[in-house]
Amino acid sequence: DDSDDGAEAARATKRQRKGAAPDSDDEELTEAKKEEPAKDVKPVKGGFFSDKLFSDLPLSEATQRALKENSFKQMTKIQNMGIPPLLAGKDVLGAAKTGSGKTLSFV
């Protein structure tokens with residue numbers, strides 16, 4: 001039942017906030033969070049944008065053209081941290097402020 005899953009997720013979140021020991025399911029989530037980002041992706045301190053360009057990514061010509069036509073040149077930090085692992089076929093969980101470019105990373 002989906003409502004049971006949602007309730008359990010809420011309880012797990014509450015336990016984590018209180019510093020309680022995680023359940024075995026929680027341990028799995030914690031391990032996933034510990035994965036290192038791709039080695040060629042480095043976070044950039046300060047500012048909204050990263051130092052990486054969309055043109056640096058191995059994207060199709062159609063995607064590169066669409067990015068250029070819509071004036072997307074420089075990636076934001078969340079895009080820089082998220083897109084390369086996505087292109088490598090990895091699962092990504094990202095959190096960033098509204099308007100930071102998360103959705104574009106997954107389109």
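User: Hi! Leaving aside neighbours within four places in sequence, which residues is Leu67 in contact with?
Analyst: Leu67 touches Phe54, Leu59, Phe72 and Leu104, where contact means heavy atoms within 4.5 Å. Keep in mind that this is a predicted model: local features need pLDDT of at least 70, side-chain atom pairs count only at pLDDT 80 or more, and totals for chains, interfaces and linings use all residues. Residues are numbered from 1 along each chain as its sequence is written, and side-chain values use heavy atoms, with hydrogens and water left out.

User: Thanks! And which residues form the largest nonpolar core?
Analyst: That core has 5 residues: Phe54, Leu57, Leu67, Met75 and Ile83. A nonpolar core is a set of buried Ala, Val, Leu, Ile, Met, Phe, Trp, Tyr and Cys residues joined through side-chain atoms within 4.5 Å; buried means under 20% relative accessible area with a 1.4 Å probe, protein chains only.

User: Cool. Which residues of helix α4 are buried?
Analyst: Along α4 (residues 77-87), Ile78, Gln79, Asn80, Gly82, Ile83, Pro84 and Pro85 are buried. Helices are DSSP runs of H or I with at least four residues, and strands are E runs of at least two, numbered from the N terminus.

User: What covers them?
Analyst: The cover includes β1 (49-53), β2 (74-76) and α5 (102-106). After α4 comes Gly89, with a positive phi near 85°.

User: Switching topic, how many helices and strands are there?
Analyst: The protein has 5 helices and 2 strands, in the order α-α-β-α-β-α-α along the sequence.

User: And what share of the protein is buried?
Analyst: Buried residues are 19% of the 107 residues.

Technical notes:
Buried < 20%, exposed > 50% of the residue type's maximum accessible area, 1.4 Å probe, protein only.
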